[in-house]
Amino acid sequence: MALEGTDRRFGVVIFDDTQDDPGNAIATVTEDGVRTTYDRISGPHELATDVLWWSNLPYEVLFRKTEMWKASHLRHDKYLPVGPGEALREWNCDLKYEPPERAGAILTMLFYRVMNIAFGLLRENRPRLSVDEAFKGKTLRDDLRGLLPEFEYPRQEAAQALKRGVAYEEFTNTMVRAPRDTKRITLRIPRLTHAWRILEQPAPQGPFEFVDKSRLRRLASPSEWVVDSEKPVFSDIAVKKMDDRHAPIFGFGNATNQSERRSRNWIPQNEFTQLSKFADLVVRGAYVGETYGDSIVDRCSDGVIDFMSGRFSDFSWSAGIVAEALWRAAALPEEKGRSSQGRAGEERPHTSWQGVWVRGFDKGTMFVHATRLMELGYPPVSYGIGWVRCAVFDEQKDAFIRDAVTLGLVPQIADVPESFNVGEAEIAQAWGGDKKMALYVAGLLRRDINFLWDMDRLITMDRTDRTAILMRYRERFAPV
């Protein structure tokens, strides 16, 4: 299925050197998401300008260490929520060992599908939108934010509170020690499932009013007040004590960057409620909103809702990437053009009131999984953004994956041992996530790339071709 109304093509460029002076590379292009062509190039100046290129260049290299950001048709490695290397691992490939022309072909077709799905959603809202107008942000999250409702961004003092490292972290580095000779293995909730759960949560609505210490002193228990409040509460807290079972995992205030070790002290109500179950919290101030209103997804267009709940979205890796970009777009800072109004001399908040609740839900959800995995004997070293990463011995891998399945988590295909043997019926019974995902999970654990590839491309295919593939797999899995 071609992108209607555009001559723009999509491609992936894999540079040999991604740090100093990017030059030689393999550039792969597709026009239809099925056939690809590739060339060996000597530098970015040889990249065709009618192609939107996804590259393996880090953000720092593209925007700060070189002048390559001036190439408006070139995107950095984290333009999508997943980088090229991680994407390949999720398709049982390794960028270090895979022939670059084959790796480029796989990535190019996946990139085409992701952008095809995203463009289809954007065109429903603006039928005359061109690809160049649609995809001009630094990330796909920036490009998709127009599909979401307007969010509320704080002003003045409240804006200082909604900062990364002060009100949230992108993910959590735990204090759990990883034993020697273990391997880090990442598990995640299927992306679309996680996005749906986040976006269907009731969203806080303002205006938010500040409650100072003098008003808090009149309360018998400010902590219980925060937990019991029917209105959204964003609290300035100090953690006096936390039990030693949860403290190393929850990691409140743990830094993710050695050069930016700030002390976190603000927390949304959903995260506060969870933390208060095993920590002694002192509330020093708070912002209280008006109410909990409709969810974010309830305020989206019918096209977005149909996409999130569509029968072909669940089994599509590419649809999952778009869904993750959507929920993460809900936590972005205010657009610069709009932030200038009434903000002379003010610092911008790093997210909205709704965005900090979104991050709190993600943190809380993955903390529960990290805690459960710790109880099962798999030390979690980090978690967040829909995933948890554990330290696992080689001899634990099979048991680790089976336990993950019961929690509704899936590994990257590259981490599934070739000897791993489990049937569809067993997985369907053990799977602890959304039951309609059980067949997809079975395919993943069988390392059945052909099945997963066909399921991924269904969402971008014509109805006739789609039906033929579905009939073939319906017959194959009929006994199950």
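This briefing covers the overall form, the nonpolar cores and selected local sites of one protein chain. The model is predicted. The secondary structure comes to 20 helices and 16 strands. Of the 480 residues, 56% are buried. The largest nonpolar core has 125 residues.

**Overall form**

- The radius of gyration is 23 Å, which agrees with the value near 23 Å expected for a compact globule of 480 residues.
- The C-alpha trace spans about 70 × 55 × 45 Å along its principal axes.
- Among contacts between residues at least 6 apart in sequence, 72% join residues at least 24 apart.

**Surface and charge**

- The protein exposes about 21,900 Å². Carbon and sulfur atoms supply 46% of that area.
- There are 66 positive and 70 negative side chains. The centres of the two sets lie 3 Å apart.

**Nonpolar cores**

- In soluble globular proteins, nonpolar side chains tend to be buried together.
- Within the largest nonpolar core, the residues with the most contacts are M115, F135, L140, L275, F307 and L445.
- Helix α3 (residues 100–125) gives the largest share of this core, with 14 residues.
- Apart from this core lies another one, of 14 residues. Its members include A25, A27, V29 and V61.
- L140 is one of the residues with the most contacts in the largest core. Leaving aside residues up to four places away in sequence, L140 touches Y79, L80, V114, M115, A118, F135 and A325. Two of these partners, M115 and F135, are also on the list of residues with the most contacts inside the core.

**Helix α18**

- Helix α18 covers residues 438–445 and is mostly covered, with 7 of its 8 residues buried.
- Its buried residues are A438, Y440, V441, A442, G443, L444 and L445. L445 also has a place among the residues with the most contacts in the largest core.
- The buried residues of α18 pack against three helices, α16 (397–406), α17 (424–430) and α19 (449–457). They also pack against the strand β16 (410–411).
- After α18 comes R447, with a positive phi near 60°.

**Two buried sites: S235 and F252**

- S235 sits in strand β10 (residues 233–242). Its relative accessibility is 0%, so S235 counts as buried.
- Beyond residues up to four places away in sequence, S235 touches V226, N265, W266, I267, F272, V283, G285 and A286.
- F252 is placed in the loop between α10 (247–250) and β11 (266–268). With a relative accessible area of 16%, F252 is buried, because the cut-off is under 20%.
- F252 touches I237, V239, M242, R264, N265, W266, I267, E271 and L275, again leaving aside residues up to four places away in sequence. L275 is one of the residues with the most contacts in the largest core.
- F252 and L216 are 36 residues apart in sequence. Their C-alpha atoms are 23 Å apart in space.

**Proline sites**

- P58 lies in the loop between β4 (51–55) and α1 (59–65).
- P58 touches T18, Q19, H76 and D77, not counting residues up to four places away in sequence.
- P58 and G83 are 25 residues apart along the chain, and their C-alpha atoms are separated by 9.3 Å.
- The peptide bond from G206 to P207 is cis, with omega near 10°. P207 is in the loop between β8 (202–205) and β9 (209–211).

**Positive phi outside glycine**

- Q156 is not a glycine, yet has a positive phi of about 55°. Its place is in helix α6 (residues 156–161). Q156 has a relative accessible area of 51%, so this residue is exposed, the cut-off being over 50%.
- I385 is not a glycine either, and has a positive phi of about 55°. I385 lies in the loop between β14 (380–384) and β15 (387–392). At 10% relative accessibility, I385 counts as buried.

Terms used
Residues are numbered from 1 along each chain as its sequence is written. This is a predicted model: local features need pLDDT of at least 70, side-chain atom pairs count only at pLDDT 80 or more; totals for chains, interfaces and linings use all residues. Side-chain values use heavy atoms; hydrogens and water are left out. A nonpolar core is a set of buried Ala, Val, Leu, Ile, Met, Phe, Trp, Tyr and Cys residues joined through side-chain atoms within 4.5 Å. Buried means under 20% relative accessible area, exposed over 50%, partly exposed in between (1.4 Å probe, protein chains only). Helices (H or I, at least four residues) and strands (E, at least two) are DSSP runs, numbered from the N terminus. Contact means heavy atoms within 4.5 Å. The radius of gyration is taken over C-alpha atoms; the globule rule is 2.2 Å times the number of residues to the power 0.38. Accessible areas come from the Shrake-Rupley method with a 1.4 Å probe; for residues, only the protein chains shown count as cover. Lys and Arg count as positive and Asp and Glu as negative; His and the chain ends are not counted. The place of a charge is taken as NZ of Lys, CZ of Arg, CG of Asp or CD of Glu.
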